[in-house]
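Here's a walk through the model you've got open. Grab your viewer and follow along, starting with some backbone angles and working out to the ligand shell.

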Amino acid sequence: MIGSTINAIEAENISYIYPDGTTGFRDVSLKIGEGERVAIIGANGSGKSSLLMVLSGLLKPKTGYVRIYGIEPNKKNVETIRRMVGVVFQDPDDFLFNPTVRDELMYAPLQLSWSTEEIEKAVKEYSEIFNLHEILHKPPFRLSGGEKKKVEIASVMIAKPKILFLDEPTANIDGKAKRKIMELLNDFNGTLVLTSHELEVARKLCGKAIVMSMDRKIMAEGDIGLLDDEGLLEDAGVL
Ligand SMILES: Nc1ncnc2c1ncn2[C@@H]1O[C@H](COP(=O)(O)OP(=O)(O)O)[C@@H](O)[C@H]1O
Ligand SMILES: [Mg+2]
């Protein structure tokens, strides 16, 4: 957002190393203003997912720090962070575990101790927005890929996060479901951080881009117009 002075996310010199010694990414410093929409772009294995997980507070950086609205995520403030942040994983099967779609939608609000009345209202509202009425009683594993993705995104957005992180929100989804997901994300009123290897998705949804290099560092960052630089994208292994 132009003129925004509040940082939703601030990362200083962060890196992440997996237990087996693999570098997830390194030397990342960035600031994401409240209301900004940022796409993390890069080749397979460039560290996009790892960076998203660290920025969202789900993984702790090996070096440096992340601050979410000024708070460095730790064991004591898990609840506070959880109220502000929503994370949509790439594979809905890693996320959907409740017996029915309705239970899935109710899960986060229950965790946040909303009243029964508030929960019922939200489930109704989000079933409408995402058009889930006909599948509310179904077990998530019975759904199509596009339906699973919609349920996953709805189950995260229903808790009204201030910051929404999405890892490849449209991977393996096309046609109508993809257009619907793009529309819903476009209507989201908060800070949006997503990874994508689809430039079109990034261009449509985001105002800013971060391009990761194959050695898993930030190669370039700036306005979304950055993605018109073919030389840069070739060097990044995206084109
Ligand atoms: N759980 C894991 N254990 C070890 N290495 C991992 C793990 N997850 C990812 N990596 C490695 O970290 C690097 C960055 O991966 P990732 O963040 O998934 O990249 P991207 O999302 O851009 O494809 C890759 O070399 C990948 O193999
Ligand atoms: Mg990934």
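Right after helix 3 comes Ser 113, with a positive phi near 60 degrees. Bear in mind that this is a predicted model, so every angle and distance here is computed from predicted coordinates. Helix 4 has a similar tale to tell: Asn 131 follows it, and its phi is positive too, near 60 degrees. As a rule, most residues other than glycine have a negative phi.

Strands also join in. Asn 13 has a phi near 50 degrees, a positive value in a residue other than glycine, and it lies in strand 1, residues 7–17. Asp 27, with a positive phi near 55 degrees, lies in strand 2, residues 23–33. How exposed or buried are these two? Asn 13 has 12 other C-beta atoms within 10 Å, so it is exposed. Asp 27 has 13 C-beta neighbours inside 10 Å and so counts as partly exposed, since the exposed class stops at 12 or fewer.

Here are the positive-phi residues side by side.

| Residue | Where | Phi |
|---|---|---|
| Asn 13 | in strand 1 (residues 7–17) | near 50 degrees |
| Asp 27 | in strand 2 (residues 23–33) | near 55 degrees |
| Ser 113 | follows helix 3 | near 60 degrees |
| Asn 131 | follows helix 4 | near 60 degrees |

**Helices 3, 4 and 5**

Back to helix 3, which spans residues 101–111. Its buried residues are Val 101, Glu 104, Leu 105, Met 106, Ala 108 and Pro 109, and what covers them includes helix 4 and helix 5. Asp 103 sits in helix 3 as well, but this one is partly exposed, because 18 other C-beta atoms lie within 10 Å of its own and the buried class needs 20 or more. For a sense of scale, the C-alpha atoms of Asp 103 and Glu 34 are separated by 31 Å, with their positions 69 residues apart along the chain.

What span should helix 4 have? At 1.5 Å a residue, its 15 residues (116–130) should cover 21 Å, and the end C-alpha atoms are indeed 21 Å apart, so the two agree. Helix 5 passes the same sort of check: its 13 residues reach 18 Å from first C-alpha to last, close to the 18 Å expected.

Helix 5 is mostly covered, with eleven of its 13 residues buried. Among them are several charged residues by name: Glu 147, Lys 148, Lys 149, Lys 150 and Glu 152. Val 151, Ile 153, Ala 154, Val 156 and Met 157 are also on the buried list. The cover over these residues includes strand 5, helix 3, helix 4, strand 6 (163–167) and helix 6 (175–186).

**Strand 5 and the core**

Val 87 lies in strand 5, residues 85–88. It has 20 C-beta neighbours inside 10 Å and therefore counts as buried. Leaving aside neighbours within four places in sequence, Val 87 is in contact with Ser 56, Leu 58, Val 156 and Phe 165. Val 156 brings us back to helix 5, where it is one of the buried residues. By contrast with those contacts, the C-alpha atoms of Val 87 and Lys 75 are 18 Å apart, though just twelve residues separate them along the chain.

Which residues have the most contacts inside the largest nonpolar core? That core has 60 residues, and the answer is Ile 41, Leu 55, Ile 163, Phe 165 and Val 193. Leu 55 is in contact with two others from that list, Phe 165 and Val 193, plus Ile 9, Ala 11 and Val 66, not counting neighbours within four places in sequence. In soluble globular proteins, nonpolar side chains tend to be buried together.

**The chain as a whole**

Zooming out, the protein chain has eight helices and nine strands. Its radius of gyration is 18 Å, close to the 18 Å from the globule rule for 239 residues, so the chain is as compact as a globular protein of that length. The C-alpha atoms fill a box of roughly 50 × 40 × 40 Å along the principal axes. Buried residues make up 40% of the 239. Of the contacts between residues at least 6 apart in sequence, 66% join residues at least 24 apart.

**Around ligand 1**

The shell around ligand 1 has one nonpolar, nine polar and two charged residues. Its members include Tyr 18, Asp 20, Asn 44 and Lys 48. Helix 1 (residues 48–55) supplies the largest share, three residues.

Methods
Residues are numbered from 1 along each chain as its sequence is written. Chains are lettered from A and ligands numbered from 1 in the order in which they are written. This is a predicted model: local features need pLDDT of at least 70, side-chain atom pairs count only at pLDDT 80 or more; totals for chains, interfaces and linings use all residues. A residue is near a molecule or strand if its C-beta atom, placed from the backbone, lies within 6 Å of it. Helices (H or I, at least four residues) and strands (E, at least two) are DSSP runs, numbered from the N terminus. The radius of gyration is taken over C-alpha atoms; the globule rule is 2.2 Å times the number of residues to the power 0.38. Two residues are in contact if their C-beta atoms, placed from the backbone, lie within 7 Å. The expected span of a helix is 1.5 Å times one less than its number of residues. A nonpolar core is a set of buried Ala, Val, Leu, Ile, Met, Phe, Trp, Tyr and Cys residues joined through C-beta atoms within 7 Å.
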